[in-house]
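Me: I would like to learn how to read burial, strand pairing and nonpolar cores from a set of coordinates. Could you take me through them one at a time?

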Amino acid sequence: MTEKENTATEAVPNSGEIAFIDDRMVRIIGVPFFGMVIPSATGLIDPGHLSFITGLFHYLYFILIAWSVWEGNRFLLYRYYPVMLESQSLFQKYILILGLNVFFTAPVSFFMLFLWKRISGADHLSSGEILITVAVIVVCVIFVTNVYEKVLFTKHSEREKRRFEQLERVRIEAEMEALKNQIDPHFFFNTLNSISFLIDHDPSRAQKFIENLADVYRYILRSKDKNLVLLRDEVAFLKSYSSLIHLRHDDAFKLNIKLGDTYRQACLIPPVSLMVAVENAVKHNEISGNNHLVVDLEQSGETITISNRIAKRNSARESTGTGLKNLNERFMNTLG
């Protein structure tokens with residue numbers, strides 16, 4: 001069975017994750033606070049006319065109401081926050097928040113207050129007083145949810161900024177790695193020798209080699225300020241780059257590209273990423289007349305797979321895995 005080395009990269013972005021808030025202390029303080037203040041402010045509980053045990057029971061029940069309402073609205077906010085982020089209209093976003101608050105908080109509060117009225121025997125309380133308390137709870141929930149939304153938006157913006165900065169750092173490292181591969185003295189030595197030989201023996205191939213070398217540099221310089229490029233352009237660049245490897249290793253290197261034309265036209269990919277993956281295979285595998293290196297570039301659904309048979313060089317240094325790690329970070333930050 002042939003041993004394979006695989007590098008898989010997604011060509012279609014996935015939706016981002018939500019930046020959760022560490023609000024444990026706020027909930028520990030906020031739930032009892034609202035559970036005690038609201039019934040006292042609305043007159044549902046009058047501590048002066050209740051025994052300590054009875055008053056404690058009433059307040060504990062209202063703290064339970066506050067906890068249920070808080071946790072329910074918190075869950076709904078996290079559940080639907082991605083929808084809010086995608087909304088282009090600030091009005092639509094706040095209508096959604098208001099709708100979630102009202103349609104969850106009002107019935108839950110009314111039911112639990114009505115149940116409390118029956119359990120506690122507070123038959124003197126009118127439906128109007130209950131409704132006023134529900135309205136106060138809804139207003140408090142809208143206020144707290146608005147604070148949550150502001151904090152979530154700030155955290156999301158900060159995370160996106162950090163992600164962009166990380167992407168820029170990884171992209172620059174990848175570009176420097178690509179340029180370093182091209183300006184390596186050994187590479188230049190082989191390149192100049194190859195050009196010199198071809199000029200004397202096959203001028204047309206020498207001209208083609210120089211054109212491909214120029215295409216490689218031109219593409220790297222042209223895409224250095226881009227986060228994504230068309231897969232079509234990346235494949236064209238990879239062909240120019242692989243032609244240089246062909247000349248360096250004669251027929252011992254082969255690149256098989258099996259990608260649909262529609263897929264190439266529609267998909268975006270970080271620039272120079274395919275070249276980094278192929279160069280990784282060239283760098284760490286023996287390429288000779290007895291050990292041919294065949295790199296397969298294939299499409300599987302929404303995934304591109306780059307694979308090759310492993311034939312490690314005897315003289316090669318132990319791989320640090322930095323190249324593929326940086327490549328993976330570029331995809332995670334660009335498409336994640």
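Me: Is Leu98 buried, partly exposed or exposed, and why does it count as such?

Reply: Please keep in mind that this is a predicted model. Buried means under 20% relative accessible area and exposed means over 50%, with partly exposed in between; Leu98 counts as partly exposed because its relative accessibility is 38%. Leu98 lies in helix H3, which covers residues 90-120, and together with Phe91, Ile95, Val102 and Phe103 it forms a nonpolar surface patch that has about 530 Å² of accessible area.

Me: What is the relative accessible area of Thr105, and is that residue buried or exposed?

Reply: Thr105 also has its place in helix H3, but its relative accessible area is 0%, so it is buried. Leaving aside residues up to four places away in sequence, Thr105 touches Val69, Asn73, Leu100, Ile137, Val138 and Val141. Of these, Val69 is 36 residues apart from Thr105 in sequence, while the two C-alpha atoms are 6.0 Å apart in space.

Me: How should I read the pairing of strands, and which strands does E5 pair with?

Reply: The general idea is that two strands pair if at least two bridges are found between them. Strand E5 (residues 293-300) runs parallel to strand E3 (residues 253-258), to which six bridges join it, and it runs antiparallel to strand E6 (residues 303-309), again with six bridges. Asp296 shows both pairings, since it is the bridge partner of Asn256 and stands opposite Ser307 in E6. E5 and E6 form a hairpin with two residues between them, and Gly301 in the turn has a positive phi of about 65°.

Me: Where do the residues of the largest nonpolar core come from?

Reply: In soluble globular proteins, nonpolar side chains tend to be buried together. Here the largest nonpolar core has 39 residues, and those with the most contacts inside it are Leu231, Phe253, Leu274 and Val295. At least two residues of this core are supplied by each of helices H5 (185-201), H6 (203-222), H7 (231-249) and H9 (273-284), and likewise by each of E3, E5 and E6; the largest share, eight residues, comes from H7. Apart from this core lies another of 18 residues, among them Ile65, Val69, Leu125 and Val134.

Me: Which residues does Val295 touch?

Reply: Not counting residues up to four places away in sequence, the contacts of Val295 include Phe253, Lys254, Leu255 and Asn256, then Val278 and Ala281, and finally Ile306, Ser307 and Asn308.

Notes
Residues are numbered from 1 along each chain as its sequence is written. This is a predicted model: local features need pLDDT of at least 70, side-chain atom pairs count only at pLDDT 80 or more; totals for chains, interfaces and linings use all residues. Side-chain values use heavy atoms; hydrogens and water are left out. Patches are made of residues with over 30% relative accessible area and no salt bridge: like charges are joined within 9 Å, nonpolar side chains (Val, Leu, Ile, Met, Phe, Trp, Tyr) within 5 Å. Accessible areas come from the Shrake-Rupley method with a 1.4 Å probe; for residues, only the protein chains shown count as cover. A salt bridge is a side-chain nitrogen of Lys or Arg within 4 Å of a carboxyl oxygen of Asp or Glu. Helices (H or I, at least four residues) and strands (E, at least two) are DSSP runs, numbered from the N terminus. Buried means under 20% relative accessible area, exposed over 50%, partly exposed in between (1.4 Å probe, protein chains only). A nonpolar core is a set of buried Ala, Val, Leu, Ile, Met, Phe, Trp, Tyr and Cys residues joined through side-chain atoms within 4.5 Å. Contact means heavy atoms within 4.5 Å.
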